[in-house]
Amino acid sequence: GWSAFDRSIRQGRRLNSHTQNLTITREKIDAIVKKLAAMGNARPRKVKTLANTINAIFMKKLEEKELMALIEQLKSQNLIVVENKNVSYKPPINQA
């Protein structure tokens, strides 16, 4: 489970970079979900504006590749649905 994983991170144990990337992504996804949930009706309706919003959360430090990967991750976790570049949101995001 995640708790053992989180514990090993807190203890500063070296994990291989692959698992580290996973954690970073999971934390990013959590931050994105919180932010989007808080935005209510102001949530982005287009993939492009969603990418801009996500980038803004992380001080505009993300590369296009990473933004797209995060959006793919949101889709694969069924947090968002994208049709023709239009984005709609699923719980827990749209339960504000």
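What share of the contacts in the protein with a separation of 6 or more comes from residues 24 or more positions apart? In this predicted model, such residues account for 48% of those contacts. The protein has 96 residues, and its secondary structure comes to four helices and two strands.

**Overall layout**
- Reading from the N terminus, you meet the elements in the order α-α-α-α-β-β.
- Buried residues make up 31% of the 96 in the protein.
- About 6600 Å² of the protein is exposed, and 52% of that comes from carbon and sulfur atoms.

**The two strands**
- Strand β1 covers residues 80-83 and runs antiparallel to β2, with four bridges joining the pair.
- Together, β1 and β2 make a hairpin with two residues between them.
- In that turn sits asparagine 84, which has a positive phi of about 50 degrees.
- Across the hairpin, glutamate 83 stands opposite asparagine 86 in β2.
- Strand β2 (residues 86-89) has two faces: Val87 and Tyr89 are on the covered one, while Asn86 and Ser88 are on the uncovered one.

**The nonpolar core**
- The largest nonpolar core takes in 19 residues, and Leu50, Ile54, Leu74 and Ile80 have the most contacts inside it.
- Two or more residues of this core come from each of α2 (17-39), α3 (47-57), α4 (64-76) and β2.
- Take leucine 74: setting aside its neighbours within four places in sequence, it is in contact with Ile29, Ile32, Val33, Ile54, Leu79 and Ile80.

Terms used:
Residues are numbered from 1 along each chain as its sequence is written. This is a predicted model: local features need pLDDT of at least 70, side-chain atom pairs count only at pLDDT 80 or more; totals for chains, interfaces and linings use all residues. Side-chain values use heavy atoms; hydrogens and water are left out. Buried means under 20% relative accessible area, exposed over 50%, partly exposed in between (1.4 Å probe, protein chains only). Contact means heavy atoms within 4.5 Å. Accessible areas come from the Shrake-Rupley method with a 1.4 Å probe; for residues, only the protein chains shown count as cover. Two strands pair if DSSP finds at least two bridges between them. A nonpolar core is a set of buried Ala, Val, Leu, Ile, Met, Phe, Trp, Tyr and Cys residues joined through side-chain atoms within 4.5 Å.
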